[in-house]
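Q: Please take a close look at the salt bridges of this model. Which side chains pair, and how buried or exposed are the partners?

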Amino acid sequence: MKTYLEILFVATRLGLTSFGGPVAHLAYFQEEYIKRKKWLDDKTYADLIALCQFLPGPASSQVGISIGMIRGGVLGGILAWIGFTLPSVVALILFAMYVVQADLMDSTFIAALKVVAVAVVAHAILNMGKKLTPDLPRIAFAIIAAGLLLLVPLASMQLVVIGVAALVGYILFRHKELDTQTSLNINLSKITGAVSLSLFFLLLIALPLISQSVTNVYVQLFDIFYRVGSLVFGGGHVVLPLLERELVPNGFLSEEMFLSGYGAAQAIPGPLFTFSSYLGQVASGLTGAIVATIGIFLPSFLLLIGILPFWKSISQFKAVRAALIGVNASVVGILLAAFYDPIFTSAVADSVDFAVALVGFSLLQFWKKPAWLVVILTVVLYILVRELV
C-alpha cells in the first residue's frame with residue numbers, strides 16, 4: 001500500500017507542476033523518477049522513451065505509465081496515470097463548464113511557465129547527453145537526428161530518424177561487447193500481454209462498426225477518441241487536427257469552442273491529450289468528458305500491457321541492444337530539436353526571458369534544486385522582473 005501511495009503522490013506532484021509539453025514532461029520525469037527516486041536507471045529510461053516513441057499515443061504519458069508499472073504493476077501504472085493526468089483533466093472540465101473570456105496565452109503567468117520549460121529541458125538534455133552520447137559516433141547520431149528534425153519538423157520524420165538510428169546502431173555496434181542487463185522488471189505474464197494486444201485490435205475494429213449501428217452519443221465519442229488515440233503518432237499537437245476533423249464537422253462542438261479549449265490546454269500542466277476531457281465535456285457533459293478521456297488513453301494502456309512483458313526478453317538480444325544504442329543517441333537529438341522549436345523559440349523573446357531561464361537552469365544544474373521548486377521560484381522571479389522592467 002505504501003508503494004502505491006508513493007506512486008500516486010509523486011505522479012500527482014508532477015501532474016501539478018509539469019508545464020511545457022511532452023519534451024518538458026520527460027525532463028521532469030528524469031529529474032524525479034531517475035535522479036531523485038532512483039526507480040530506474042538512465043539506460044532503462046532511455047529504452048522506455050525509445051519504445052514509447054514507436055507506439056501511437058501520448059509518448060510522455062506512456063513513459064510515466066510504464067514507470068508506474070515497473071514500480072507497482074498494472075495498478076501502479078494506473079495510479080501514475082491518474083496522478084499525472086487528473087489535475088489537467090479537472091482544470092479543462094472546469095474551463096469547459098465556465099466560459100473564460102481572458103486570453104490565457106498572452107498572460108505573464110503563461111510566459112513564465114514557458115521560460116521554466118526552457119530551463120528544465122536544457123537541464124535534461126545535458127544530463128541525458130552525458131549518459132547516452134559519451135563518444136563521437138553517438139554524438140554524431142544526436143546531431144544528425146536534431147538537424148534532420150529541425151529541417152523537416154514532421155512526426156513521420158521522427159519515426160524515420162528512430163528507425164534509421166536503430167539500423168545504423170546495429171551495423172556499428174553489433175560486434176561491440178554490450179551490457180545486456182536491464183533493470184526493467186514488469187510483473188506481467190506474456191499471456192496477459194497477448195490478451196491485451198488482442199483486445200486493443202478487437203476494439204479498434206469493432207468500435208466503428210458498433211458506432212455506425214447505434215445512435216448513442218457516448219458510443220460515438222468513445223469510438224472517435226479510441227481510434228484517434230490508437231492511430232496518432234507524434235504526440236499531443238498531432239492529435240489536434242485529427243480531433244478537429246472528427247468532432248467539428250459532425251456537430252459535437254463549434255470551431256470557436258474547439259480553439260478556445262486548445263488555448264486553455266496550453267496553459268495547464270500535464271499531457272495535452274487531456275484536451276479530450278474538455279472536448280467531451282462540451283460535447284456531452286461530465287459523462288462525455290469521462291468517456292472521451294478514457295477512450296483516448298485506453299489504447300496506451302493496452303499497448304503497454306501488451307508489449308512490456310516481452311520487452312525484457314527482446315532487449316536481451318545483442319542485436320537489439322546494439323540498435324538501441326543508436327536509438328537512444330537519436331532520442332537526445334530529438335529532444336535537442338524540440339528544445340529549439342517549439343520550446344526555446346516560443347518562450348525566449350528577449351534578454352529578460354533568457355536571463356530568467358538561465359537562473360532556472362542554474363538552480364537545477366548547480367544548486368541541485370528539485371524541479372517542482374524551480375518551477376515555483378522561476379515563475380515568481382519572472383513575474384517580479386516583468387513588473388519592474
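A: The following account treats the salt bridges individually and then turns to the nonpolar surface patch. The model is a predicted one, and nine salt bridges are counted in it.

The side chains of K37 and E6 form one of these, with an N to O distance of 3.6 Å. K37 belongs to the loop between helix 2 (22–36) and helix 3 (42–54), whereas E6 belongs to helix 1 (residues 2–17), so the pair ties together parts that are 31 residues apart in sequence. K37 is partly exposed at 30% relative accessibility, and E6 is likewise classed as partly exposed, at 24%.

Another salt bridge links D223 with R227 at 3.0 Å, N to O. Both residues are in helix 9 (residues 217–231), where four residues, about one turn of the helix, separate them. D223 is buried because its relative accessibility of 4% falls under 20%; R227, at 21%, is partly exposed. Salt bridges with shared partners also join E6, K37 and R71 into one network.

D135 and R138 are paired as well, at 2.7 Å from N to O. Here D135 is partly exposed, with a relative accessible area of 23%, while R138 is buried, with 14%.

As for the surface, a nonpolar patch is formed by L86, V90, L94, M97, L286, I290 and I294, which together have about 600 Å² of accessible area. Helix 4 (59–97) and helix 12 (275–315) each give two or more residues to this patch, and helix 4 supplies the largest share, four residues. M97 is located in helix 4 and is partly exposed, with a relative accessible area of 39%.

Methods:
Residues numbered from 1 in each chain as written. Predicted model: local features only at pLDDT ≥ 70, side-chain atom pairs only at ≥ 80, totals over all residues. Heavy atoms only, no water. Patch = residues over 30% accessible without salt bridge, like charges linked within 9 Å, V, L, I, M, F, W, Y side chains within 5 Å. Areas by Shrake-Rupley, 256 points an atom, 1.4 Å probe, with all protein chains shown as cover. Salt bridge = Lys/Arg side-chain N within 4 Å of Asp/Glu carboxyl O. Buried < 20%, exposed > 50% of the residue type's maximum accessible area, 1.4 Å probe, protein only.
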